[in-house]
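Let's take a walk through this protein and see what the coordinates have to say. Have the sequence and the 3D view open side by side.

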Amino acid sequence: MASIDIPLDLQINTLLRLPVKSLLRFRCVSKLWSSIITSQYFQNRHFNIITSSSAAPRLLIAFQDFRSGNLLLVSSPNPNVSSSCCVPYKDLNILKIDGSKFYGSVRGLVCFRSRLSVGICNPSTRQVHIYPQIKFEKDPCTDPWVMYFFGYDPVEDQYKVLAIHHLRWRFEHKVLVVGGGWRDAPYPTCPHVVQTLGLYMNGTLYYGASRMDIKSPNNNSIIVSFDVRFETFNIINVPAAYEKMWNCSSEADKTLINYRGKIGVVEHPRDGSFRMWVVEDVEKEEWSMKTFYLPQSAAGLDFEVMETVYNGEICLLPKELPDPFCLFYYNLKTNSMRSVAIKGLPISQTKPFRSIFAIVSDHYESFMSLETSS
């Protein structure tokens, strides 16, 4: 029987439309398919097709177990329904890794702390890479107290990790290009202490911070931006009316979110309401503030703010994790709320919920390699 010669373009276009699980199998078909599927060009095209489709991203839930030092990554469907619903266990993808803290999901890859260093993981391909511990110039033998921020440079096609030492007396920065190694980062013009987790948006990292300026102790709240491509810092001043946006005693009470392409700061709902501040104009440093009220059915619960999901809703997680695990979505336009229960998670069977902290974010499955830099 004569063999059929399939044009290369047709083979590539067919592979581009397959899910990640199928690509993992089909790269073993031939050396040609393996070279196609593992190329950075193919991986980017495949990811762009996934994100440009009408399909909703999946939901990534990172369970941080402080007792065991393990990180449980759970990928779940993200139901786009107006009413409450339940996700069965069979629809979940679960990966357990040696990590203690989750720092974000960007274009299919995940950044996390692993002991005294940082790791990058692709939950879809189950690839994990742990990078060497950072060596700081000041007291290099001291255990580093480091905050990590994960972003992407769309021009140079590079994933980067920004590391900032958290101690006031040792203010140092390092940058890691995924696939490379650590190097020094430029020193910011405004020394500061990190107060929030990071927000990645359109090539820029943002995080809340406090100035290390004893001359103006009453107006020290700022938002710091880090251009991932040029590796430069900028400061967005918080208006005097909101001067105590965060400080050492309340840093866990607010979260940075992507609000319709703008920087939003949301306080965690307490007693049935919460406030949201929005940076309306970065250059002019114009802000707005609005108060939102939870439905009466949820007014008695305390929530942690996760982030905005793909449809603009804010994802909320009860401060006391429920069993079965349940997420709540707040619609900022209609002031309505829906819940998504996720059954069968193994966390409640082995550890008390009070020792576990969860972080939730949108997540696109991808075939991205952990060796993505030149």
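Below is a quick tour, from the overall picture down to single residues.

## The big picture

First things first: this is a predicted model. The protein chain carries 26 strands, alongside five helices. How much of the chain is buried? Of its 374 residues, buried ones make up 50%.

Now for the contacts. Take those between residues at least 6 apart in sequence: 52% of them join residues at least 24 apart. As for the outside, the accessible surface of the protein chain adds up to about 18,000 Å², and carbon and sulfur atoms account for 51% of that.

## A pocket to look at

Let's turn to the second largest pocket, which has a volume of about 240 Å³. Its lining is made of 16 residues, and the closest to the pocket centre are Ile50, Ser53, Ala55, Tyr364 and Glu365.

Which element gives the most to the lining of this pocket? That would be helix H4, spanning residues 40-52, with three residues. In terms of chemistry, the lining of the second largest pocket splits into ten nonpolar residues, three polar ones and three charged ones.

## Rings next to rings

If you like aromatics, there's plenty to click on: searching the whole structure turns up 13 aromatic pairs. One of them is phenylalanine 150 with tyrosine 159, whose ring centres sit 6.0 Å apart. The planes of these two rings are at 20°, so the pair counts as stacked, the cut-off for that being under 30 degrees. Both phenylalanine 150 and tyrosine 159 are buried.

Another pair brings together phenylalanine 226 and phenylalanine 233, at 4.9 Å from centre to centre. Here the planes make an angle of 55°, and the pair is tilted. Phenylalanine 226 and phenylalanine 233 are both buried too. There's also an aromatic cluster to pick out, formed by Tyr103, Tyr148 and Trp182.

## Arginine 183 and its neighbours

Next stop is arginine 183, which you'll find in strand S12, residues 182-184. Is this arginine buried, partly exposed or exposed? Its relative accessibility is 36%, so arginine 183 counts as partly exposed, a class that runs between 20% and 50%.

Who does arginine 183 touch? Leaving aside residues up to four places away in sequence, arginine 183 is in contact with Lys160, His173, Lys174, Val175, Val177 and Glu231. It's also worth lining up arginine 183 with lysine 135: they are 48 residues apart in sequence, and their C-alpha atoms are 9.7 Å apart in space.

## Two loops with positive phi

Where does arginine 107 sit? It lies in the loop between strand S5 (101-106) and strand S6 (109-114). The phi angle of arginine 107 is near 50°, a positive value in a residue other than glycine. With a relative accessibility of 18%, arginine 107 counts as buried, because the buried class covers anything under 20%.

Asparagine 335 is the other residue to check, and its phi is near 55°, again a positive value in a residue other than glycine. Look for asparagine 335 in the loop that links strand S24 (325-331) and strand S25 (336-342). Asparagine 335 has a relative accessible area of 39%, so it is partly exposed, whereas arginine 107 is buried.

Conventions:
Residues are numbered from 1 along each chain as its sequence is written. This is a predicted model: local features need pLDDT of at least 70, side-chain atom pairs count only at pLDDT 80 or more; totals for chains, interfaces and linings use all residues. Side-chain values use heavy atoms; hydrogens and water are left out. Helices (H or I, at least four residues) and strands (E, at least two) are DSSP runs, numbered from the N terminus. Buried means under 20% relative accessible area, exposed over 50%, partly exposed in between (1.4 Å probe, protein chains only). Contact means heavy atoms within 4.5 Å. Accessible areas come from the Shrake-Rupley method with a 1.4 Å probe; for residues, only the protein chains shown count as cover. On a 1 Å grid over the protein atoms alone, a cavity is a set of points where a 1.4 Å probe fits but cannot get out, and a pocket is an open set with protein on both sides within 12 Å along at least five of seven lines; lining residues have an atom within 4 Å of a point. Grid points are joined across faces, edges and corners, and a volume is the space filled by probe spheres set on the points. Ala, Val, Leu, Ile, Met, Phe, Trp, Tyr, Cys and Pro count as nonpolar, Asp, Glu, Lys and Arg as charged, and the others, Gly among them, as polar. Rings of Phe, Tyr and Trp (its six-membered ring) pair if their centres lie within 6.5 Å; planes under 30 degrees apart count as stacked, over 60 as edge-to-face and the rest as tilted.
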